[in-house]
Amino acid sequence: MPTMTRGISSAARSLGRVARLPAVPIGVPGSRPMLRIPAASSSFAASPLLAPAIRRLPGSQPLRSLASAAAPASAATATTTAPAPPAGAVERAHGFTLQRQQYVKEYGSHVLLYKHDKTGAELISVLNGDENKTFGVVFRTPVADSTGIPHILEHSVLCGSRKYPIKEPFVELMKSSLNTFLNAFTYPDRTCYPVASTNTQDFYNLVDVYLDAVFHPRCVADRRVFEQEGWHFELDSKEDPLTYKGVVFNEMKGVYSSPDSRFYRTVQRALFPDNTYRHDSGGDPEVIPQLTYQQFQEFHAKYYHPSNARFWFYGDDEPVKRLQLLSSYLDEFEARPVDSGVDTQKLIHTPRKVTEFYAAGDGEEGEQKAYVGISWVLSDTPLDVETELALGFLDFLLLGTPAAPLRKALNDSRLGAAVIGGGVDDDLKQPCFTIGLKGVDPQDAEKVESLIHSKLAELASSGFSASAIEAAVNTIEFSLRENNTGSFPRGLSLMLRAVGAWIYDRDPFTQMQWEDALRSFKSKLSSGADVFGPLIRSFLLDNRHRVTVSLLPDAGLGAAVEEKERAALQAARESMGEEQLSAVLEGTAALKELQETPDPPEALQCIPALQLSDIPSTITKVPTDVTPLSDGATLLTHDLFTNDVLYMEAAFDLRPVPSSLLPLVPLFCRSLTQMGTAGESFVELTERIGRKTGGISVYPFTSAKRGSEQPVAYVMIRGKAMSGTSGDMVGLMRDILLTARLDDRERFTQMVAETKAALESGIISGGHSYAGKRLAAQRGLAGWLAESMGGLSYLDFIRGLGKRVETEEGWQGVRGELEAIRTALLQRNGAIVNLTADSATLAAAEGPLRELLAALPAASPAAPAGPLVSGLLLPAGNEALCVPTQVNYVAKGADLYRDAGYQLSGATYVVEKYLGNTWLWDRVRVVGGAYGGFCSFDSHSGMMTLMSYRDPNLLDTLEAYDGSAEFLRSLELSKDDLTKAIIGTMGDIDAYQLPDAKGYSALVRHLLGVTDEERQTRREQILATSNKDFKIFADAVESVRGPAGRVVAVTSAEKARAVLEERPGFWDVKKVL
Ligand SMILES: [Zn+2]
C-alpha cells in the first residue's frame, strides 16, 4: 500500500492498492477489463488545466452530498440558515460526549466532534445525505529512523486479528465486499485506515474488520507476518546465496529506483534537517533490514492506542450506531498520554545546496540529465485560513496551467524537459513550496535557479493580469463548488483535508469552511489591493529557509547499490554460525509452508458477508436519449441532476486518419489547447477556458470492440461549465477544434520533451503497464494503437520526433501532419456529442451545440484511410525491456478469444477477480515478495494478462503464472465462497459514480456497442456463477501457459542477461534507458 511522501509526486502517486491499479493506464478507459468503465473522471485528472493547484485549497478535495447539492450553487445567493440538527446528533451516548457541533453549509453537513470519555479518543461524525459512507481511523506515527516501521505496520495489521484470525482479512474483504474504497496510507507522520461503502451492512462489516485489525492485530504476536510484509532472510538451500525478502522491502526498492521519488526524498530530508521528516517513514531499502521485531512490536504498542487515534464517520448512516461500534473497541482501553507530536522545524536563515545522485542507464542515449529544484519551508507557525486560501490562489496563478507565468517561463527557457515540484504542498505540518526542472544539463543548474528567482521577483512587482486572476477565481471556485472527487469517495477526500489540521491539534472545522474566507478574499482582490506581491516576497523571495537540490545521474550507482546489498548479505552470512544458518533455512521453509497453506474454510467464516439477496438483480440504467442529427452525427443526452453543471463530450472518429499519423494524435490533442486560436494567444485562450468553464481537455480514446478486428478510436474533447456559461464553453470548443493554431514550433518542441520525460519516468515506476501494452500490441489492432500512443513504441516515436523538429524542414513536415490530422478528423459525419445535465440545462445547450456542429465540415475531405491492417502488429515473441531498476515488472499474456476460443460470460469477471486475489496475490506477492501480483482480462479484446509489480523475481513469477490454470481447475468452491466472490465482483460492476461519470460511462458503452440488454445478461451470469465456470476459464487460461503465451518484462540489463544464461534464446533484449 502506498506511502505518502511529500512533494507533488505524492499527490500524483496512485492511492490504489497495486492489485487495483488499472492494468491499462488511464486515458484508454475502454480497455479496462470490466463492463463498467471506471476511468470516467481520469481525463480531467490528467488534464493539465485542472491539475496542480486545486487540491491544496481548504476543502477542495471533499464532498458535496447529494442532499446538499440541492443548495444554491452560487455563494453570493447562498443565505442558507442552518437546519436543525437531526435526531441522531446526540449529546452523550456509548461513552462519548459531544464537544462541538456545527452546520457546515459548504457541504450541507452537520459536523459533530465527540470525545470518548474513558480514553480521550476524538471522533468527527459528519451527518448528511451521502450514501457513499466513509470511515477512517488515523494514528500519529512519527519515526526516528528510516526502517519503515509505520509502513510495515500498515501492511501487517491487515494480516489477521483477534476477532478475524485468518491470514489476510483485507484480501477477504477485497474479494467479497461491496466497498467503494478499501486501502491504507502511510504518511511521513501518520497512518490512515479508510473504508467506504454505499451498503450499510457492508459498511459496518468493513469498519469492524478495520477496528479489530488496528487494535488487536496478529502481527504483534506472530513474527512471520512482520517477516512477510517487512523483511526477512531467505535461504532455500545452504548452497544458495542469502537474500532479503519482504513486500515493503521490494515496494520501496521500486520507489528508490525512481529518480523522481529520489528527488522528492532528497528535498524532504534537506528541508527538515531537525525533525521526523528527515527520515523516510516508508523505509529506505538499505535501512529496512536493521529493523528488529521488538522495535516493531513496541511501535504498535506505543502509537496504536485510542488516546493517539482520531476517528471519522461520514454519510447517511445512523449516527448513534457509530458511537456504539466504536465504544465496543475503545471501552477496554484506559487513557494514556502518547507523545506523538511532530516537532516544528525552526526556519533556518541560511540557504543551502544539496547534491544527490540517481541510478541512470549508461548514457548511450546521451540524455541522462539532472533534476534541479528550489524548495522552501514557508512558515514555522500555523497559517490562518485566508492566508492558506491566498497561497492556493498564488500557486494556481504561478503554476496552475501551462500558460501560468512561472510554469511557462520554465518551459520556455528550454533549460529542461519538464517542470517538477509543482508549487505549494501542505500535506505536512508546515507548508512547503518546490519548483524546478528535470532533464537539465548539470552545467545549467544555476541558470535554473536564477530563472526562478528572477521570474518570482518580476511577478512580485508586476503582479498578475486581471484576466489571469479572474480565470483563477472562476476555476478554483468551480472546483470547490463542483466538488468532483472522481472515483475517490467525497467523504474520504473531506477526511484527509480535515485530518491535515486535526492531526496537528489545529481546528479541523476551519478546513471545511472556505465560503467566508473566499468571499473576503475575493473582495480584497476586487479592491485592487496588492495581494500577491507581499506573499511572493515574504514566503519565497525573502524566505531564507531555502534549499536548492541537484540530483545528478550516476551510471554506476545501480551496480554500487546492488553490490552494497550483496556485501551486507555476505557479511550477515559470515557472521552466522551453522546453527543460525540452519535456523534461516528452517524459517524460510516454515514461512513458505504457512503462506502456501490456505485458511481452513471454518476460519474464513469469521469474515462477515452479505447475501446474494442483498444484491439488486437488475442493472442500474443511465437515462439516455439518442437523437440522430443531420449528416450522420448523433446526440446522446443524460437527464441527471448535476447541480447546474453541464458536462459535455464530443467524439470524432479517428478512422479517417492514416495509420502512419496515429502516433502523432496525442500531441495533436495537446496542441489544440496549447498554441492559441486564430483570434487569441495561448495565454488568452487558457484564461478564457478558466473564466468560462471548469476545464476543457482533448485526448484520444481507444479500445477493442468485441467481435471486431478494427478498434474503436476517437478524439474526444471534454468540458464542463455552469449552465449559465454553457454557450461559452461550446463556443470555446468550436474555436479550439476549428481555429486552433498548430504552428508553434517552440511550444511543440517543449511538449515533445515533456512527453519523453514522462514516458521515461513512467516505465521505471510503472513498468507493468508498458509490458502489458507490449503484449497486447502483438495480438490485436486496439492493443497496437494503445502501444503506439502510450507505450514503448510511442517513446521510440517521440524520440524520433524530437530529432525531426530540430530542423525547420522537419518541423514544417510535422506541422503539415498536424493539419492533416485535423482535416481528416473534423466532420459531422460520425461525430457523437454526449451531454449530461438536468433537462433545463440540456435544453439550453442545444442551440449552441447545433451551431458547433453546423460549423464543422459535413464530411471529411481527406481520402478514406482504409482499415488498419494486421501487418502493423508487433512481431510475436518474448521481450526484456531494460532500464536501470532494482525490481522487475513481469507480464505474460494471450488472447483467450482467439488462442483458446473462449466465450465471454458474466462469470468471467468473477473468476478473473478470484484468480487475482488468491493465486496470484498469494504466489507472487505473499510468497514471492513482490509488491503486487494480479491479472487483467480485457473483455473487449480477449487479452488475458498476468502481471507483477515491483517484483524481485522473474522466472519464478512465470512459474507461478503457469500454475494458474491448474489452480482454477482444482478449485471446488463452497456455496459461501462462491457467494462471496460474486458479491465482490458486483461491488466492482456497480461502482459508485458521480453524475458526470454515469454520463461518460453511458457514452463509452455506446461507442463499444455494449447494450443494457447485454449488461443485464452479464449480470444474471455473474449471479449464477458456478464451479463449472472456473473450470471453463481454467481451460482458456491454459493458452497463456501454452505456445500462444508471450512474456514481456521490464527489468535491468543484468537480470535480462541472467535469464538468457539459464534459458538461452528465451527473449529479445531491448535497451530502453
Ligand atoms: Zn506499501
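Is Pro 402 buried or exposed in this structure? Pro 402 counts as buried because its relative accessibility is 10%, where buried means under 20% relative accessible area, exposed over 50% and partly exposed in between, with a 1.4 Å probe and protein chains only. The structure is a predicted model, in which local features need pLDDT of at least 70 and side-chain atom pairs count only at pLDDT 80 or more, whereas totals for chains, interfaces and linings use all residues. Residues are numbered from 1 along each chain as its sequence is written, and side-chain values use heavy atoms, with hydrogens and water left out.

Pro 402 lies in the loop between helix 11 (385–399) and helix 12 (405–413); helices (H or I, at least four residues) and strands (E, at least two) are DSSP runs, numbered from the N terminus. Although Pro 402 and Phe 682 are 280 residues apart along the chain, their C-alpha atoms are separated by 9.1 Å. A second buried residue is Ala 501, with a relative accessibility of 2%. Ala 501 belongs to helix 15 (residues 490–502). The C-alpha atoms of Ala 501 and His 1006, which are 505 residues apart along the chain, are separated by 44 Å.

Two further helices were examined for length and burial. The expected span of a helix is 1.5 Å times one less than its number of residues. For helix 14 (residues 466–482), with 17 residues, a span of 24 Å is expected, and the end C-alpha atoms are 24 Å apart, which agrees. Helix 14 is largely enclosed by the rest of the structure, because 13 of its 17 residues are buried. After helix 14 comes Asn 483, with a positive phi near 50 degrees. For helix 23 (residues 726–739), with 14 residues, the expected span is 20 Å, and the 19 Å between its end C-alpha atoms agrees with this. The buried residues of helix 23 are Ser 726, Met 729, Val 730, Gly 731, Leu 732, Met 733, Asp 735, Ile 736 and Leu 737. An α-helix has 3.6 residues a turn, so residues three or four places apart point the same way.

Strand pairing was considered next. Two strands pair if DSSP finds at least two bridges between them. An open sheet of 5 strands follows the order 12-16-13-15-14, and its pairing is mixed. Its edges are strand 12 (352–359) and strand 14 (418–425), each of which pairs on one side only. From one strand to the next, the twist averages 15 degrees; axes are lines fitted to C-alpha atoms, for helices over the stretch in contact, and angles run from 0 to 180 degrees between N-to-C directions. Strand 14 pairs with strand 15 (residues 432–440) in the antiparallel sense over 6 bridges, and Gly 423 has Thr 434 of strand 15 as its bridge partner.

Another open sheet contains 6 strands in the order 25-26-24-27-23-28, again with mixed pairing. Strand 25 (932–937) and strand 28 (1068–1071) form the edges, each pairing on one side only. With direction ignored, neighbouring strands of this sheet are turned by 15 degrees against each other on average. Within the sheet, strand 23 (residues 879–882) and strand 27 (residues 1046–1051) are parallel and share 4 bridges. The bridge partner of Cys 882 in strand 27 is Thr 1051.

Strand 19 (residues 645–653) is largely enclosed by the rest of the structure, because 9 of its 9 residues are buried. Both of its faces are covered, with Val 645, Tyr 647, Glu 649, Ala 651 and Asp 653 buried on one side and Leu 646, Met 648, Ala 650 and Phe 652 buried on the other. Strand 19 runs antiparallel to strand 21 (residues 712–722), to which 9 bridges join it; in strand 21, Met 716 is the bridge partner of Ala 651. Strand 19 also pairs in the antiparallel sense with strand 22 (residues 832–837), over 5 bridges. Here the bridge partner of Ala 650 is Val 833.

The second largest pocket holds about 1400 Å³ of space. A pocket is an open set of points on a 1 Å grid over the protein atoms alone where a 1.4 Å probe fits, with protein on both sides within 12 Å along at least five of seven lines; lining residues have an atom within 4 Å of a point. Of the 40 lining residues, the closest to the pocket centre are Thr 243, Lys 245, Pro 952, Asn 953 and Asp 956. Helix 18 gives the largest share of the lining, 7 residues.

Technical notes:
Points joined across faces, edges and corners; volume = space filled by probe spheres on them.
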